[in-house]
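Here is a short set of exercises to work through at your own pace. Keep the viewer open, try each task, and then compare your steps with the solution.

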Amino acid sequence: MRTTRRVFLELEDGTRLAGSSFGHFGQASGEVVFSTGMTGYVESLTDPSFRGQILVMTYPLIGNYGVPDKAEVDRFESDRIQVAGLVVARAHDDASHAGAARSMPEWLASEEIPGVEGIDTRHLTLRLREHGTMLGRILPAEVPLAELAPMFDPNRIDVVSTVTVKEPWSGVGSQGSGIGGRKRVILVDCGVKRSIRRELLARGVEVRQVPSNWDYTGEPFDGILVSNGPGNPEQCPTTIEVLRRAMALGRPILGICLGTQLMALAAGARTYKLRYGHRGQNQPCRESGSDRCRLTSQNHGYAVDARTLPDDWQVWFTNINDGSVEGIRHKRRPFAGVQFHPEASPGPLDSRDLFDRFVESL
Amino acid sequence: MNRPDKVLILGSGALRIGQAGEFDYSGSQAIKALKQEGIRTVLVNPNIATIQTTPGLADEIYLVPVAADFVEKVIKRERPDGILLNVGGQTALNVGVELWRAGVLEKYGVRCLGTPVETIEESEDRERFAVRMRAIGVDVPRGSTASSVEGALEAAAAIGYPLMVRAAYSLGGLASGMVTSPDELRERVREALAHSPQVLVEEYLGGWKEVEYEVVRDRFGNGVTVCNMENLDPMGIHTGESIVVAPSQTLTNSEYHRLRSVSLHVADKLGIIGECNVQYALHPAGKEYRVIEVNARLSRSSALASKATGYPLAWVATKLALGHGLADLKNAVTGVTGCFFEPALDYVTVKIPRWDLNKFKAASRRIGTEMKSVGEVMAIGVTFEEALQKAVRSLGTGLDGLTDPKARVPDPRDEIAHPTDRRLYAMAQAIADGMSAREVHELSRVDPWFIARLLEIVQAAAGLAGQRLDAFDCEGLRTLKRLGFSDRALARHLGSTEDEVRSRRIQLGVVPHARRIDTLAGEFPAATNYLYMTYGGDHEEVEPEARGRPVVVLGSGPYCIGSSVEFDWCSVGMCRTASALGYRTVLINCNPETVSTDYDETDRLYFEELTLERVLDITSFEQPLGVVVSVGGQLPNTLAASLARAGVHLIGTSPDGIDRAENRRRFSALLDELHIAQPPWNELSTLDEARRFAAEVGYPVLVRPSYVLSGSAMNIAKTESSLAQYLMQAARVSPDSPVVISKFIEGAKEIEIDGVAQDGELVIYAITEHVEQSGVHSGDATVVLPPQNTYLETVRRAKWIAKSIARALRINGPFNVQFLARNNEVSVIECNLRASRSFPFVSKATGYNFIEIAARAMLGVDVKGEYRTLDLDYVAVKVPQFSFSRLKGADPVLYVEMTSTGEAACLGDSLEQAWYKAAISTGFSLPRKSVLVSIGADAHKVKLLDSLRALAAAGFELYATDGTHRFLEANGIKSQLAHKVSEGKSPSVVDLVLGKVVGCVLNIPKRTADEATLTDGYHIRRSAADIGVPLVNDAELARLFVRTLLAHPREGLEARPLSDYIRR
């Protein structure tokens, strides 16, 4: 058995849950959210949408198949662990899987991310569900309360600017024969997952990945993909403004997750904060006017308010569980966005056709 | 889509290895799903012990064989417009396909609901299936056939080494095995071609991970995978023989979702409407996969998946078959979400198979690609270690956990490398004895992650050595409990007692908490009643039953020989009755193949181990009115005394009453007091005493040691030497482990009374007789109700005895008494103050629900009344189902230990007709009019003379072994001599059987079960089991068999519903 050091998870309502430290032994602060996915911790932890959040995994055993070598960049969604902290029932430090180079706790330690295990994660999840997401922090047992800074709230700042690329990046898909031909897509990086870029490149398009506040409207392009990302969409006024101008150009736009919320705001609709968000791989969505449903991977705390959609927009997908908006589209123009993650990673691969549809529309 | 008005449901028939109680669960859920829509339901299933055959569920119940000819009769009579083939296992599927091919379904306008029959056919045919899968871009194992060494080498070159070589068309895996080089291949193929015209050369998948996905898909093409499961035992061990974990533990996100996508693709391309499962081999490095099999029906795995996730698969599959869409169905478990989603688990489940291999004579312990287990348990925990150790205890084999020394094996290395039913324990033992995790992995190919978990448990146990209980604080104890250690195991490691550990941990506040299984990891509020207990949390999620103190019912635990679906029927009946009387009900069980663990059967379900510790944890939390231990068979019954000692109130007969029946000496004294005869017996602790006692009462004697080294626990000794041999070699006799010896009464008739008493007064009883003479276990006997060949005087005496015992023990609830009768002398051989195996049989055959009456009696409702159970216008016969074909090497012989795995029962106008239908239900058929006869004892030869004469006269060709042949000759009956195998002459007995020259074997051995089994008789019986030729090995049964065969052609047997017989 590991020797353990005690740490606490403290919530903004004063709740303190005791656990044992793994990974980095230190403090962390952020919004405490839970995800119900049973696999894919490597992908989740590196998903920039989790920036500023302490992630609670409802599946109790995390770390089972270790972590790939850092050099295998395609196995990670970004170049670092994005969560502020990780809370699990049981952290396994195995690295026996053929694809593993190190254990999950080692990885967290190397990136100075604190983890807490031995917490009653179900109890914590039910609490977050009943009270809504809360701010919280991970505290080593011996830190005196007086030395603590206030809890960090990622929804009150422009957290996107901390995860977007600093300079534009361009790349061409290796498969020249892909359906994308020589088309050029602006990828508005609000904290994009690598797999989104990979899906585009795999379809043979040229990708120009730009910072979230970049004005690309004067550049040559065939379509725009507005990416996922962390935080509150209302904290990104510049991105919204550029997008509004881009819409006037009438070329195809696809939004994913935060990108969809930004599109909605640019179109004049409003967004709101969900009580505890959708984070998991089993979110059922129905396509409007169809019997076809799809199971989706999701990670969002905000949603588009359907009642505020302008007349020329419509709801494209609806969450079967709670009826919230999971996709919107323009009635005449090639603008559409989904709240879920068609690139999966982690999660079900059922929606990759949306990339096909987008690239075909270019 | 047109909704059908009346649907025929095919059940799975008698339980056997590979097809057990899981189909009672799926069938029952399906019937409920149909009834909810007002559709009339007709059920064909001769398995009388099931819940689905209980009057009140299906509109009509046919206790007739699930065979094409009988089902056609039912269709003709009932005229259903729909048929459901996917809830009755392989049996129902095969019969359905047969009816479809024969045009019967079309002729009567019966539509197959759900997955089309064409798809079923395609998935069942290996060759066609492989072609189809390749065509849709799905990988299946590579392989081809060859008829020459050169051909095989060519095929091998395309596949690559190592690979598997199998002789085609050979029984028992003859000449098959792995080869690593062309030289080995040459040698192996030459050998194989000597036995068979063709060899199969296939890629070797040994050591690949084995993974399964359960898929549901609606007619709109919406599909989800409800659950994935990973086998701890990699490829090479049948999934029914494997320890299975849900969800998968060692698959990365991309592996998980790749296989998930393939599953949905396969279901989509095959056009599944309803449920299917897809089985994979996955390369350990995750690069490649192979689809091994697709089952286009509900299966054992789907039952497990359903219980592991809380998703009611069979119910959903039935709704989809009726044309509903997944998104439109409400999730009945949560009440808030729909059925189009994939459950998110926040716990881990572990399934362990339950084997009973030592019940069989000469059966090998090795496990592999064929199923041998008879049941399974599932355990739920927050850590894998907690779930695994809980599962070990749930098996009901007496182990307190993984580190129990009782599980030690003599040669762990051998059992790890060549898996047996004890491999899990062998791995733990090897690790404890210093074998490295790496070596365990290399020997077993079990994924290192699982071995690391075993290591954690073993190391934690080792760390306890030399420690004392009071040295542990709350955190220390909790850590151990999270690793799944039971109080008893901790007591063992710490030199303490279970009671001390329990009170210490309660004092420190270390108690398990109940958690909900809600299918969505807490994401939405869901008021489910499906619970488990864990040390993985420290908060109370549920409150004790608030609407009144509940009645706690202990379920049956895993199916095993002697405890099967009948006890699930009793448990469910108990709960339903208590519920109808206004009581809140709480059920505890750990068997995923049951109806009792369905979400809608009780107010609260604890999917938990049936151990004293856990039952006390639950009762101290729930504070019930009391606990019912008498409806789940022997496993819960054994907890009666210790529960009572712990202050738990038992509902039903008092603990002292139970003890007076269970304790051999007390019960014997009671019988003497009541002037009821019993075979003389004694408990002895030395071999000399045993010899003296046996000589005194005379041989044969029945020997029951309390400690068995190998083989079965009970035996009959005919001579002093066999007694001595048995007690020295197979068992141990000492003052610590005494042996019970009783006089074995030969040639007697066995009768039984199943009854219910209330406050000591017999309320209702049913009397049954065995066809076979004494010496055949009651679970293996052919049982007849009402008795056809028992003197009225005997019946009266038996009833009087039952009444006297009920009064003396103040029985309050179900009970069963077994009698021996010879010339109107009736003696008692056993009495159980609990529901017996035959409760569902006597209930359905008499039309009185005994368990309902027992439940009412126990709960204080006056149940006295007039019940007519003896004077019936029909006969009901229960026939055992054996699974010897699955148990290579086991001797298919009837003796004092039970070996049957299930039963079927049918009703008829006569004993013969009822028996014939029940026998057909257990697989009996007679393809040709020729019989091999081999009778050991002279008395039996004489007894069967008339029967054999009649057979010969009716044109049956008789083959007979040496002694029987001479006997027949002397009596002027023509027979052909069948040579012994050892003589080397043709035709040998084995040639006759394996060559299917004979259609049936009458092999009546002398009852010398304790002598060497590898005789000619064994060869005859074994080859009959291997080739599936009916085997009769009791003289009385043989007479019934011949009588039936000559008087009743199969075509003339009726298919009438149960309601047609039971009229009042």
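**Exercise 1. Two domains of chain A**

How many Å separate the centres of domain 1 of chain A and domain 2 of chain A, taken over C-alpha atoms?

*Solution.* A word on the ground rules comes before the steps. This is a predicted model, in which local features need pLDDT of at least 70 and side-chain atom pairs count only at pLDDT 80 or more, while totals for chains, interfaces and linings use all residues. Residues are numbered from 1 along each chain as its sequence is written, chains are lettered from A, and ligands are numbered from 1 in the order in which they are written.

Step 1. Mark out the domains of chain A: domain 1 covers 6-147 and domain 2 covers 159-361, with bounds that come from an automatic or database domain assignment.

Step 2. Taken over C-alpha atoms, the centres of these two domains of chain A are 27 Å apart.

Step 3. Now look at where they touch: 23 residues of domain 1 of chain A and 26 residues of domain 2 of chain A take part in the contact. Two residues are in contact if their C-beta atoms, placed from the backbone, lie within 7 Å.

Step 4. On the domain 1 side, β3 (28-35), α1 (41-45) and α3 of chain A each give two or more residues. Helices (H or I, at least four residues) and strands (E, at least two) are DSSP runs, numbered from the N terminus. The largest share, 3 residues, comes from β3(A).

Step 5. Sort that side by class: 6 nonpolar, 11 polar and 6 charged residues. Here Ala, Val, Leu, Ile, Met, Phe, Trp, Tyr, Cys and Pro count as nonpolar, Asp, Glu, Lys and Arg as charged, and the others, Gly among them, as polar.

**Exercise 2. Where the chains meet**

Work out which elements of chain A supply the side that touches chain B.

*Solution.* Step 1. Chain A brings 40 residues to the contact and chain B brings 47 residues.

Step 2. In chain A, at least two residues each come from α3 (121-131), β15 (271-287) and β16 (293-304). The largest share of this side, 5 residues, belongs to α3(A).

Step 3. By class, the chain A side holds 17 nonpolar, 14 polar and 9 charged residues.

**Exercise 3. Checking a helix**

Compare the expected span of helix α9 of chain B with the distance between its end C-alpha atoms.

*Solution.* Step 1. The expected span is 1.5 Å times one less than the number of residues.

Step 2. Helix α9(B) (residues 253-270) has 18 residues and should span 26 Å, and its end C-alpha atoms are 26 Å apart, which agrees.

Step 3. Check its surroundings: 13 of the 18 residues of α9(B) are buried. A residue is buried if 20 or more other C-beta atoms lie within 10 Å of its own, exposed if 12 or fewer, and partly exposed in between, with C-beta atoms placed from the backbone.

Step 4. Just past α9(B), G271(B) has a positive phi of about 75°. G271(B) is also one of the contacts of T119(B), along with L270(B), I272(B) and A296(B), leaving aside neighbours within four places in sequence. T119(B) lies in helix α5 (residues 117-124) of chain B and is buried, with 20 other C-beta atoms within 10 Å.

**Exercise 4. A helix crossing**

At what angle do the axes of α12(B) and α16(B) cross?

*Solution.* Step 1. The axes of α12 (residues 384-394) and α16 (residues 448-462) of chain B come within 10 Å and cross at roughly 75°.

Step 2. That makes α12(B) roughly perpendicular to α16(B), a label for angles of 65 to 115 degrees.

Step 3. The contact uses F384(B), E385(B), L388(B) and Q389(B) of α12(B), and R453(B), E456(B) and I457(B) of α16(B). These residues divide into 3 nonpolar, 1 polar and 3 charged.

**Exercise 5. Backbone oddities**

Is E112(A) buried or exposed? Is R445(B) buried or exposed?

*Solution.* Step 1. E112(A), a residue other than glycine, has a positive phi near 55°. With 12 C-beta neighbours inside 10 Å, E112(A) counts as exposed.

Step 2. R445(B), also not a glycine, has a positive phi near 65° and sits in the loop between α15 and α16 of chain B. R445(B) is buried, with 20 other C-beta atoms within 10 Å.

Step 3. Finish with a cis peptide bond: one joins A246(B) and P247(B), with omega about -5°.

Technical notes: Axes are lines fitted to C-alpha atoms, for helices over the stretch in contact, and angles run from 0 to 180 degrees between N-to-C directions. Angles under 35 degrees count as roughly parallel, over 145 as roughly antiparallel, 65 to 115 as roughly perpendicular and the rest as oblique.
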